[in-house]
Amino acid sequence: MVLAAKRGARQGGEVLPALLTVDEVARILRVGRGTCYELIRQGQIPYLRLGRLIRVPRHALMAWLGEDPESVERSAGVPGALQH
């Protein structure tokens, strides 16, 4: 799965926005929405709170995953990335 490209991160051919929703992050990590919220609550995933909304900066997520945001191609799953 391609998670980053020159002009913005991509997932499945789609350009990812600079700020990701919890649902988008959960889909990228291949975890449930509740698991994603729990990782955010624990401070493991960096996030911003905009009023009542939670957003995860794309570059912060890529850094958290230990990936180069310029160009990285990941094979198969991401489960090992959750051990950061």
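## Helices α1 and α2 and the core around them

In helix α2, the buried residues are Cys-36, Leu-39 and Ile-40. Seen down the axis of α2, these buried residues fall within an arc of 100°, so they line one face of the helix. That buried set packs against α1 and β6, and this briefing follows those contacts outwards. Please keep in mind that the model is predicted.

**The two faces of α2**

- On the face of α2 turned away from its buried side, you will find the exposed residues Gly-34 and Arg-41.
- Just after α2 comes Gly-43, which takes a positive phi of about 80°.

**How α1 sits in the structure**

- Helix α1 has 6 of its 8 residues buried, so it is largely enclosed by the rest of the structure.
- The buried residues of α1 are Val-22, Glu-24, Val-25, Ala-26, Ile-28 and Leu-29.
- The charged residue Glu-24 is thus listed among the buried residues of α1.

**Where α1 meets α2**

- Helix α1 covers residues 22-29 and helix α2 covers residues 33-41; they pack at an angle of about 105°, with their axes 9 Å apart.
- Angles of 65 to 115 degrees count as roughly perpendicular, and α1 and α2 are therefore roughly perpendicular to each other.
- From α1, the contact involves Val-22, Asp-23, Val-25 and Ala-26, which meet Arg-33, Cys-36, Tyr-37 and Ile-40 of α2.
- By type, the residues of this contact divide into 6 nonpolar, no polar and 2 charged.

**The loop between the helices**

- Arg-30 lies in the loop between α1 and α2, and its phi is positive, about 60°, although it is not a glycine.
- As background, most residues other than glycine have a negative phi.
- Arg-30 has a relative accessibility of 53% and therefore counts as exposed, the cut-off being over 50%.

**The largest nonpolar core**

- This core has 18 residues, and the members that touch the most others are Val-25, Leu-29, Cys-36, Ile-40, Ile-45 and Leu-61.
- The elements giving two or more residues to the core are α1, α2, β6 (53-57) and α3 (58-64).
- Helix α1 gives the most, with 5 residues.
- In general, nonpolar side chains tend to be buried together in soluble globular proteins.

**Val-56 in strand β6**

- Val-56 has its place in strand β6 and counts as buried, because its relative accessibility is 0%.
- Leaving aside neighbours within four places in sequence, Val-56 is in contact with Ala-18, Leu-19, Leu-20, Val-25, Ile-40, Ile-45, Pro-46, Tyr-47 and Leu-61.
- One of these partners, Leu-19, is 37 residues away along the chain, yet the C-alpha atoms of Val-56 and Leu-19 are separated by 5.4 Å.

**Leu-61 in helix α3**

- Leu-61 is found in helix α3 and is buried, with a relative accessible area of 0%.
- Not counting residues up to four places away in sequence, Leu-61 touches Leu-20, Val-25, Ile-28 and Val-56.
- Leu-61 and Leu-20 are 41 residues apart along the chain, and their C-alpha atoms are separated by 9.0 Å.

**Tying the pieces together**

- Val-25 is a handy residue to pick out on screen: it is buried in α1, takes part in the contact with α2, and is touched by Val-56 and by Leu-61.
- Ile-40 is another good place to look: it is buried in α2, belongs to the residues that meet α1, and is in contact with Val-56.

Definitions and conventions:
Residues numbered from 1 in each chain as written. Predicted model: local features only at pLDDT ≥ 70, side-chain atom pairs only at ≥ 80, totals over all residues. Heavy atoms only, no water. Axes fitted to C-alpha atoms, helices over the stretch in contact; angles between N-to-C directions. Helix = DSSP H or I, 4+ residues; strand = E, 2+ residues; numbered from the N terminus. Parallel < 35°, antiparallel > 145°, perpendicular 65-115°, else oblique. Contact = heavy atoms within 4.5 Å. Core = buried A, V, L, I, M, F, W, Y, C linked by side-chain atoms within 4.5 Å. Buried < 20%, exposed > 50% of the residue type's maximum accessible area, 1.4 Å probe, protein only. Arc of directions from axis to C-beta.
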